[in-house]
Amino acid sequence: MFNRLFGKPKQEANALTTLDKLNETLEMLEKKEKVLVKKAAAEVEKAKEFAKGRNKRAAIQCLKRKRLYEQQIEQLGNFQLRIHDQMIMLEGAKATTETVDALRTGAAAMKAMQKATNIDDVDKTMDEINEQTENMKQIQEALSTPIGAAADFDEDELEAELEELEGAELEEQLLQPATTAPAAPVQVPAGRQPARPIPQKRTAEEDELAALQAEMAL
């Protein structure tokens, strides 16, 4: 248990320490390479001076030392390349380990959540929700049902009575005499006499009624 808890941080610390050590070694090799390059260049300059002075033996010795420096420079370059390869491999392994740890953590969390909420609990919860919904519907229906004297009223009879009232009101509207609006006065322009009304022709019944009224007046 404790090895599992404290092993991973220790491994990460070891990986970081190793990377730091490799970086330090790489910097040291680069510094040595720069020094050897300067020494090789100096030996070339010395060989040129000895060659000008006709000192062939000394010039050859300088070129030999230059080649020795060049061999060391090449060797240091190989060391640096190996260190670079080691660092790349170590960084890749570190990234792989972190990825696997993250995936393992996610799988454990998902497993814990599935264990906390299994299918039986979900079904039970849904049944409780459906039951509560049905109870609420029944309560609402009970509250909307009429009680007391209103519960004894027949809906069909009430609708028939309403239809009778509407029919009676419509019949009353039809029997009412039509009212005519008074004619608006006609404005006659100044200087013109209004036209006399044209006498309408009376019917025979109106003539008989007028004659009867005249006899009664006598």
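**Core, contacts and surface of the helices**

Glu30 is partly exposed, with 35% relative accessible area. In this predicted model, Glu30 belongs to helix 1. Its C-alpha atom lies 7.8 Å from that of Gln80, although 50 residues separate Glu30 and Gln80 along the chain.

Glu43 also sits in helix 1. Its relative accessibility is 6%, so Glu43 counts as buried; the cut-off for that class is under 20%. Beyond its neighbours within four places in sequence, Glu43 contacts Cys62, Arg65, Lys66 and Tyr69.

Tyr69 is one of the ten residues of the largest nonpolar core. The others are Leu22, Leu26, Leu29, Leu36, Ala40, Ile73, Leu76, Ile83 and Met87. Two elements give two or more residues each to this core: helix 1, residues 2–52, and helix 2, residues 56–116. In soluble globular proteins, nonpolar side chains tend to be buried together. Within the core, Leu22 touches two fellow members, Ile83 and Met87. Leu22 also touches Gln86 and Leu90, when residues up to four places away in sequence are not counted.

Nonpolar residues also appear on the surface. Ile119, Val122, Met126 and Ile129 make a nonpolar surface patch of about 360 Å². Ile119 is found in helix 3, which covers residues 119–144. Ile119 has 57% relative accessibility and therefore counts as exposed, since the exposed class begins over 50%.

Terms used: Residues are numbered from 1 along each chain as its sequence is written. This is a predicted model: local features need pLDDT of at least 70, side-chain atom pairs count only at pLDDT 80 or more; totals for chains, interfaces and linings use all residues. Side-chain values use heavy atoms; hydrogens and water are left out. Patches are made of residues with over 30% relative accessible area and no salt bridge: like charges are joined within 9 Å, nonpolar side chains (Val, Leu, Ile, Met, Phe, Trp, Tyr) within 5 Å. Accessible areas come from the Shrake-Rupley method with a 1.4 Å probe; for residues, only the protein chains shown count as cover. A salt bridge is a side-chain nitrogen of Lys or Arg within 4 Å of a carboxyl oxygen of Asp or Glu. Helices (H or I, at least four residues) and strands (E, at least two) are DSSP runs, numbered from the N terminus. Buried means under 20% relative accessible area, exposed over 50%, partly exposed in between (1.4 Å probe, protein chains only). A nonpolar core is a set of buried Ala, Val, Leu, Ile, Met, Phe, Trp, Tyr and Cys residues joined through side-chain atoms within 4.5 Å. Contact means heavy atoms within 4.5 Å.
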